[in-house]
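Reader: I should like to learn how aromatic rings are read in a protein model. May we work through one case together?

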Amino acid sequence: FSSRNNTSYSSSSTPILVVMKLAKRGGLPCLCLDASCANGTLDVHHAIPVRILRAEEWQHHLPPLVNAPDVQLEFQLDRPLKAVIERLKCISPHIYVDGSMAGELVLRVENDAVSIRTFYDKLIPRIDDQSEQMQQSQETPRCTLKVDSKKLLASLQWQSAMSRGSVSSYIVCMIENEMMVVHVVLNPEDLGFITYYIPVHYISHDDMVD
């Protein structure tokens with residue numbers, strides 16, 4: 001893949017080819033990365049020791065099984081969350097996230113001394129078959145989650161670590177009292193994606209009311 005997908009070489013203006021392969025080095029399994037510039041001015045080799053999983057261990061490393069999201073909202077890259085979460089983390093260890101399929105999301109912290117809310121609107125609702133049926137049968141779906149501010153911030157570190165051209169968009173999925181999912185679509189889209197699963201705290205319906 002190209003160096004635009006690797007921040008270690010983001011300052012280089014010369015295209016860099018990186019080849020990854022699984023091989024043995026010194027009798028140990030390693031993930032080997034061979035990087036070279038098109039003009040031959042750079043040649044780097046890394047061998048990272050790894051442990052090969054047995055087939056019966058795979059189930060412990062699969063993504064968690066979660067229900068269909070109640071709310072799915074797509075953000076463009078010019079609507080980052082990281083800077084806001086960093087400030088809210090200094091105020092409260094927990095953040096309430098209120099989402100609506102009307103394209104709205106609210107981040108809020110509340111304690112005895114202060115109440116702060118940050119509003120995002122004109123987001124893009126991602127509607128699948130189940131979401132479409134829900135919207136036809138009832139009012140606009142909404143969801144409120146309570147998450148650890150540190151864990152939410154950790155899922156957004158890519159917003160500063162990755163170059164702007166490496167990500168196409170990101171989607172926030174909310175499953176009531178179960179999970180918050182941040183799905184990052186890489187650029188180009190056929191390169192793949194990164195998905196973060198953030199556990200949530202149980203909250204009663206009374207706590208969900210603003």
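Reader: To begin with one residue, does Tyr120 count as buried or exposed, and at what relative accessibility?

Author: Please keep in mind that this is a predicted model. Residues under 20% relative accessible area are called buried. Tyr120 has a relative accessibility of 8%, so Tyr120 counts as buried. Phe75 is buried as well, at 0% relative accessibility.

Reader: How is a pair of aromatic rings described?

Author: Two quantities are used: the distance of the centres and the angle of the planes. Here the count comes to 3 aromatic pairs. In one of them, the ring centres of Phe75 and Tyr120 are 5.8 Å apart and the planes stand at 65°, so this pair is edge-to-face. The reasoning rests on a cut-off, since planes over 60 degrees apart count as edge-to-face.

Reader: Which parts of the chain does the pair of Phe75 and Tyr120 tie together?

Author: Phe75 belongs to strand E4, residues 71-75, and Tyr120 to strand E7, residues 115-120. The pair therefore ties together parts that are 45 residues apart in sequence.

Reader: What kind of pair do Phe75 and Tyr170 form?

Author: Planes under 30 degrees apart count as stacked. For Phe75 and Tyr170 the planes are at 15° and the ring centres 5.0 Å apart, so the pair is stacked. Tyr170 lies in strand E10, residues 167-175, and the pair links distant parts of the chain, 95 residues apart. Both Phe75 and Tyr170 are buried.

Reader: Which residues form the aromatic cluster?

Author: One aromatic cluster is formed by Phe75, Tyr120, Trp158 and Tyr170.

Reader: How many helices and strands does the protein have, and what share of its residues counts as buried?

Author: There are 5 helices and 12 strands. Of the 210 residues, 35% count as buried. Among contacts with a separation of 6 or more, 54% come from residues 24 or more positions apart.

Reader: Turning to the surface, which residues make the nonpolar patch?

Author: The protein exposes about 12700 Å², and carbon and sulfur atoms supply 52% of that area. Met20, Leu22, Leu31, Ile48, Val50 and Ile52 make a nonpolar surface patch of about 510 Å².

Reader: Where does Ile52 lie, and how is its exposure classed?

Author: Ile52 is found in the loop between strand E3, residues 43-49, and E4. With a relative accessible area of 47%, Ile52 is partly exposed.

Methods
Residues are numbered from 1 along each chain as its sequence is written. This is a predicted model: local features need pLDDT of at least 70, side-chain atom pairs count only at pLDDT 80 or more; totals for chains, interfaces and linings use all residues. Side-chain values use heavy atoms; hydrogens and water are left out. Rings of Phe, Tyr and Trp (its six-membered ring) pair if their centres lie within 6.5 Å; planes under 30 degrees apart count as stacked, over 60 as edge-to-face and the rest as tilted. Helices (H or I, at least four residues) and strands (E, at least two) are DSSP runs, numbered from the N terminus. Buried means under 20% relative accessible area, exposed over 50%, partly exposed in between (1.4 Å probe, protein chains only). Contact means heavy atoms within 4.5 Å. Accessible areas come from the Shrake-Rupley method with a 1.4 Å probe; for residues, only the protein chains shown count as cover. Patches are made of residues with over 30% relative accessible area and no salt bridge: like charges are joined within 9 Å, nonpolar side chains (Val, Leu, Ile, Met, Phe, Trp, Tyr) within 5 Å. A salt bridge is a side-chain nitrogen of Lys or Arg within 4 Å of a carboxyl oxygen of Asp or Glu.
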